[in-house]
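What follows is a short report on one model. It starts with salt bridges and then turns to the core and the helix packing.

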Amino acid sequence: MDKNILALAYLGDSVYEIYIRSYLLECGLQKVNDLQKEAVKFVSASSQERILKKMINASFLTEEELEIIYRARNHKVNHKPKNASIITYKNATGLEALVGTLFLEKKKSRLDEIMNYIIRGE
């Protein structure tokens, strides 16, 4: 896919957030403050970096998926993130780019597998 890697991460951020928010609602959380507090455990850059490292160490991702992550992670960033180090931000961007790519390529079953892995903490 010949798309801007940061645009894929931008899309992936939204898709990722929808999966997480849907999961939290399915768990029975109803109060917005509780939903937000729980969502941060999944969607913050530091959480995404931790999850990504776990998936890499478990050899859960394919070579093609790792290439997408590395391409996004190595992309030059022209701004400093507010709440994370540059390295943490780049790792989170890599995960989001993978989610965005899978979504655009309509690889729903693989996207579901990855998001279930993230949600279940496996």
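## Salt bridges

E105 and K107 join their side chains in a salt bridge, with 3.1 Å from N to O. This is a predicted model. E105 is partly exposed, because its relative accessibility is 27% and the partly exposed class runs from 20% to 50%. K107 is partly exposed too, at 34% relative accessible area.

In total, the model holds eight salt bridges. Three of them are set out below, each with its N to O distance and the accessibility of its partners.

| Pair | N to O distance | Accessibility of one partner | Accessibility of the other |
|---|---|---|---|
| E17 and R21 | 3.0 Å | E17: 19%, buried | R21: 47%, partly exposed |
| E105 and K107 | 3.1 Å | E105: 27%, partly exposed | K107: 34%, partly exposed |
| K108 and D112 | 3.1 Å | K108: 53%, exposed | D112: 23%, partly exposed |

Two of these pairs sit within a helix. K108 and D112 both belong to α6 and are four residues apart, about one turn of the helix. K108 counts as exposed because its relative accessibility is 53%, and the exposed class begins over 50%. D112 is partly exposed at 23%. Shared partners also link salt bridges into one network of E64, E105 and K107.

E17 and R21 are both in α1, again four residues apart, about one turn of the helix. An α-helix has 3.6 residues a turn, so residues three or four places apart point the same way. Side chains of opposite charge can pair when their charged atoms come close. For E17 and R21, the closest N and O atoms are 3.0 Å apart. E17 is buried because its relative accessible area is 19%, and buried means under 20%. R21 is partly exposed at 47%.

## The nonpolar core

The largest nonpolar core has 31 residues. Within this core, Y16, I20, M55, L61, M115 and I118 touch the most other members. Six helices each give two or more residues: α1 (5-26), α2 (32-43), α3 (45-57), α4 (63-73), α5 (86-104) and α6 (108-120). The largest share is eight residues, and it comes from α1.

Which residues does I118 touch, not counting those up to four places away in sequence? They are Y16, F42, I51, M55 and L95. Two of these, Y16 and M55, are also listed among the core residues that touch the most other members.

## Helix α6 and its partners

Helix α6 has 13 residues. From first C-alpha to last, α6 reaches 18 Å, close to the 18 Å expected at 1.5 Å a residue. Its buried residues are R110, L111, I114, M115, Y117, I118 and I119. They pack against α1, α2, α3, α4 and α5. Just after α6, G121 has a positive phi of about 70 degrees.

The axes of α5 and α6 come within 9 Å and cross at roughly 145 degrees. On the α5 side, the contact is made by L95, L98, V99, L102 and F103. On the α6 side, R110, L111, I114, M115 and I118 take part. The residues of this contact divide into nine nonpolar, no polar and one charged.

## Charged residues, buried and exposed

Is E65 buried or exposed? E65, in helix α4, is buried because its relative accessible area is 5%, and buried means under 20%. Beyond its neighbours within four places in sequence, E65 is in contact with F60, L98, L102, R110 and I114. Of these, L98 and L102 belong to the α5 side of the contact with α6, and R110 and I114 to the α6 side.

E63 is also found in helix α4. E63 is exposed, with a relative accessible area of 59%. E63 and K76 are 13 residues apart along the chain, and their C-alpha atoms are separated by 22 Å.

K37 lies in helix α2. At 57% relative accessibility, K37 counts as exposed. K37 and L104 are 67 residues apart along the chain, with 29 Å between their C-alpha atoms.

How values were computed: Residues are numbered from 1 along each chain as its sequence is written. This is a predicted model: local features need pLDDT of at least 70, side-chain atom pairs count only at pLDDT 80 or more; totals for chains, interfaces and linings use all residues. Side-chain values use heavy atoms; hydrogens and water are left out. A nonpolar core is a set of buried Ala, Val, Leu, Ile, Met, Phe, Trp, Tyr and Cys residues joined through side-chain atoms within 4.5 Å. Buried means under 20% relative accessible area, exposed over 50%, partly exposed in between (1.4 Å probe, protein chains only). Contact means heavy atoms within 4.5 Å. The expected span of a helix is 1.5 Å times one less than its number of residues. Axes are lines fitted to C-alpha atoms, for helices over the stretch in contact, and angles run from 0 to 180 degrees between N-to-C directions. Ala, Val, Leu, Ile, Met, Phe, Trp, Tyr, Cys and Pro count as nonpolar, Asp, Glu, Lys and Arg as charged, and the others, Gly among them, as polar. A salt bridge is a side-chain nitrogen of Lys or Arg within 4 Å of a carboxyl oxygen of Asp or Glu.
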